[in-house]
Each structure stands twice: as C-alpha cells, then as structure tokens.
Amino acid sequence: MKKKTILIILLITALSMLAACSKDEKGAPMREITTMELVKEMGIGINLGNTFESRGDWISGNSVTSYETAWGSPIITEEMIKGYANEGFGVLRIPVTWSNMMGEDYTINPDYMARVKEVVDWALGSGMYFILNIHSDSLFEKFPTEKEESMSKYTRIWTQVADSFKNYDDHLMLESFNEEGVWPDLWNVYGTDDTNKEKAYTLLNEINQTFVDIVRGSGGNNKRRHLLIAGYTTDIERTVDKLYKMPNDPQNRCAVSIHYYTPPTFAIIDEDVSWGKARAEWGTDEDFVELNKLMDKAKTHFIDKGIPVIMGEFGVATKNKTPEMIRLYLTSVAKAAYSRGITPVLWDVTNVIYNRYTYEMYDKVLHEQLMAIKR
C-alpha cells in the first residue's frame, strides 16, 4: 500500500510538471496543436475595420475614443463583439495603428493599450480566435532610407505589444505587418526596373524575422504562440515569388498572410480613377480562371509545403454594385480559399457588411451563403 501511494504521488507530480510545460507564468494553456490545425479551426472570419487603425492629423482630441470613432464607427461594445461570434464568424481580425497615441520614445499610451486589450478580452470571451497586428502605420514608410530608426520603432512597438499579450492562450495570433511591407521608392512593383527588387524582399524578410525573434523572446505563451507573417504587399503573385522567405521559427508555428482584392477595378474602386475604370460586374469565365489560378498558387506554394495561409482581407467596393453581384464575388472568393485550406477573413467597416448597432449581418442571404461554405 505504501509503495502504491508513493507511485500515485510520483504520477501526480509528473502530470503536474507536464501540464506546466504547456503553461507559462499566468497564461492559459497552449494546446499541442499545429498552426495548420489552428488555422483550419478558425473557419471564416471578419475584420473590425476602421476602428483602432483610424488615423489622421485632423482627428481632434487626444483620447482613445477620438481615434476609435474617427472613421465612422460607433464605440465598440461587448455586445457588438459577441454579435460577430453569434453570426458564426470564427476569427476577428483587429487592425491597430499603435502610433496613434504614442510618446516621443515610442511608448504606447497605456489607455490605448488597455482599450485594445478590453476588446480582445471580449473576443476571447466570445470563443473566437483573434488576430492583432500593426496596421497602416506611416512610421515604416522610411525603412529603406532610415532603416535603423524605423527598425527601432518597429522593435519598440512589438516589444510592448508582445509583453502586454504574452499570457493569452492560442486564440490570439499576432501579425507582423498589414500591407506596409512595400516601398515604391526602393522598388516599384508596377514599374519595369527590377534593379532593387531583391533588396526590397530582403528588407521585408528581415523585418518578419525580427518580429518572430521579438515575440519568441518575450516570454509567457509567446514562446509558442502561432504567428502570422506578412506576404510581400500581401499580394499572392508577389508572395509566392522565390525571393520571399518565411522567417526561421524554432517552434515552426507560422502562417503566411495574403489579401485578395482582384481585380482591383472591381474589388477596390466604385468609380473611375486615373489608373482604372470601375467595374460593376464580375463573374465571367476569365474572372473565375483568374481566381482559381491565384488560389492554386497559394495552395501549391505554401499549404502543400506545410505552411498555413490566412487570407486576412478580402472584400469589395459596394456602391456601384447590386447585392447579387456583391454576393457572387464574396462567396466565390471565400469558397475558393476555404476549399483549399485557406482561412478567408472578410474586410468590413461600419455600415457595409455587419451592422454594428443591431449586431447582425445586413444581408441575410449573403450571411447564409458565407456560413454554408463551412458546411
């Protein structure tokens, strides 16, 4: 009996130590799940657009609320966040311009950090996954000419963000960049001179590696956190380029981020501009060939090689289009991505896709069609 008791005690102690290996400091447990499995669990997602990434010198006031509502969004509420989950979205992407309220030494205003954490906590409480990034931050436009200072800013921001969120469980994914990893003055992707193309890719690769190193070295659950790595301009064609490299991650827990707004004359603009004539219709044989060709490239280059893919944004300009045309495009893109193992995350802002006042989708047919893709 005495030997049996000792064995039981030893077994309990061993199990406790094993559990501690999956739990760091005060953090919730990090599951033994691959990034590919985690991304698959996300299902279909949506962006909390035009809130914490709102910016502009014209914004009056120096409060979190003044930025949060500057681009037309109401103040974010817990009911609003729960509504996303109730509508069936599995992941909420939260874009943030951290420099909106920042000291001269690049210290993020504690009120700004606290407010973002509050919204993140609501997302966590609703059972959703959530992606947190650096979004549309002009601080990094000078990377090619002022690399040391720009890298200092980037490092300072991610050091603070990583530390603030290090004890969250694996429902939180951190994203290295939005679409800022492109520098036209260094290499114009629309030009014919590729002289500095390799330099441009090398710079983005270095920034992404710096991001991974910062997060991994920040302690807590960040040692094993699943990370999202920005593609080159998040464009599929440019991200599958041989010059783009995924960072070295000892944990092998990185996914790649792409966006989809193709063709831009349909997806991005709703009136003619200098670079293109706005399209009101989409869905020709050529359109579907283009869509499937690009999605196949992402699958072949990444997923088939064991690298998960999240389509962190896809969307459409709506003013010049019928509801039927909007549905056709959004559901076609989402289905093409999801069927290949790519998690599609819909771009949305106030009064377009999701009603931030009634906490439900505006277009019930679109909602039903999107959710049917997961079944």
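Which loop holds Thr233? Thr233 sits in the loop between strand 5 (227-230) and helix 8 (236-239). The model is predicted.

## Overall fold

The chain contains 12 helices and 10 strands. Its radius of gyration is 22 Å, and a compact globule of 375 residues would have a value near 21 Å, so the two agree. Along the principal axes, the C-alpha atoms fill a box of roughly 85 × 50 × 45 Å.

Sequence-distant contacts are frequent. Take the contacts between residues at least 6 apart in sequence: 75% of them join residues at least 24 apart.

## Surface and charge

Of the 375 residues, 53% count as buried. The accessible surface of the chain comes to about 17,200 Å². Carbon and sulfur atoms hold 53% of that surface.

How many side chains are positive, and how many negative? There are 42 positive and 53 negative side chains. The centres of the two sets lie 8 Å apart.

## Asn178: a buried loop residue

Asn178 belongs to the loop between strand 4 (172-175) and helix 7 (197-216). Is Asn178 buried or exposed? Its relative accessible area is 4%, under the 20% cut-off, so Asn178 counts as buried.

The side chain of Asn178 makes a polar contact of 2.9 Å with the side chain of Arg93. Arg93 also appears among the residues that Asn178 touches beyond four places in sequence. The others on that list are Asn133, Ile134, His135, Ser136, Ala230, Thr234, His259 and Glu313.

## Asp169: the loop before strand 4

Asp169 lies in the loop that runs between helix 6 (147-164) and strand 4. With a relative accessible area of 16%, Asp169 is buried.

Which residues does Asp169 contact, apart from neighbours within four places in sequence? They are Ala28, Pro29, Met30, Leu124, Asn221 and Arg225. Asp169 and Tyr129 are 40 residues apart along the chain. Their C-alpha atoms are separated by 9.9 Å.

## Asn205: a buried helix position

Asn205 is placed in helix 7. Its relative accessibility is 14%, so Asn205 counts as buried. Setting aside neighbours within four places in sequence, Asn205 is in contact with Leu243, Tyr244 and Lys245.

## Backbone exceptions

Most residues other than glycine have a negative phi, and most peptide bonds are trans. Three sites in this model deserve a look against that background.

Thr233 has a positive phi of about 55°, although it is not a glycine. What is the burial state of Thr233? Thr233 has 16% relative accessibility and therefore counts as buried.

Tyr359 is also not a glycine, and its phi is positive at about 65°. This residue is found in the loop between strand 9 (354-355) and strand 10 (360-361). Tyr359 has 31% relative accessibility. That value falls between the 20% and 50% cut-offs, so Tyr359 counts as partly exposed.

Where is the cis peptide bond? It joins Thr262 and Pro263, with omega about -10°. Pro263 lies in the loop between strand 6 (254-260) and helix 9 (264-267).

Conventions: Residues numbered from 1 in each chain as written. Predicted model: local features only at pLDDT ≥ 70, side-chain atom pairs only at ≥ 80, totals over all residues. Heavy atoms only, no water. Helix = DSSP H or I, 4+ residues; strand = E, 2+ residues; numbered from the N terminus. Rg over C-alpha atoms; globule rule 2.2 N^0.38 Å. Buried < 20%, exposed > 50% of the residue type's maximum accessible area, 1.4 Å probe, protein only. Contact = heavy atoms within 4.5 Å. Areas by Shrake-Rupley, 256 points an atom, 1.4 Å probe, with all protein chains shown as cover. Lys, Arg positive; Asp, Glu negative; His and termini not counted. Charge placed at Lys NZ, Arg CZ, Asp CG, Glu CD. Polar contact = N/O pair within 3.5 Å; in protein donor to acceptor, adjacent residues only side chain to side chain.
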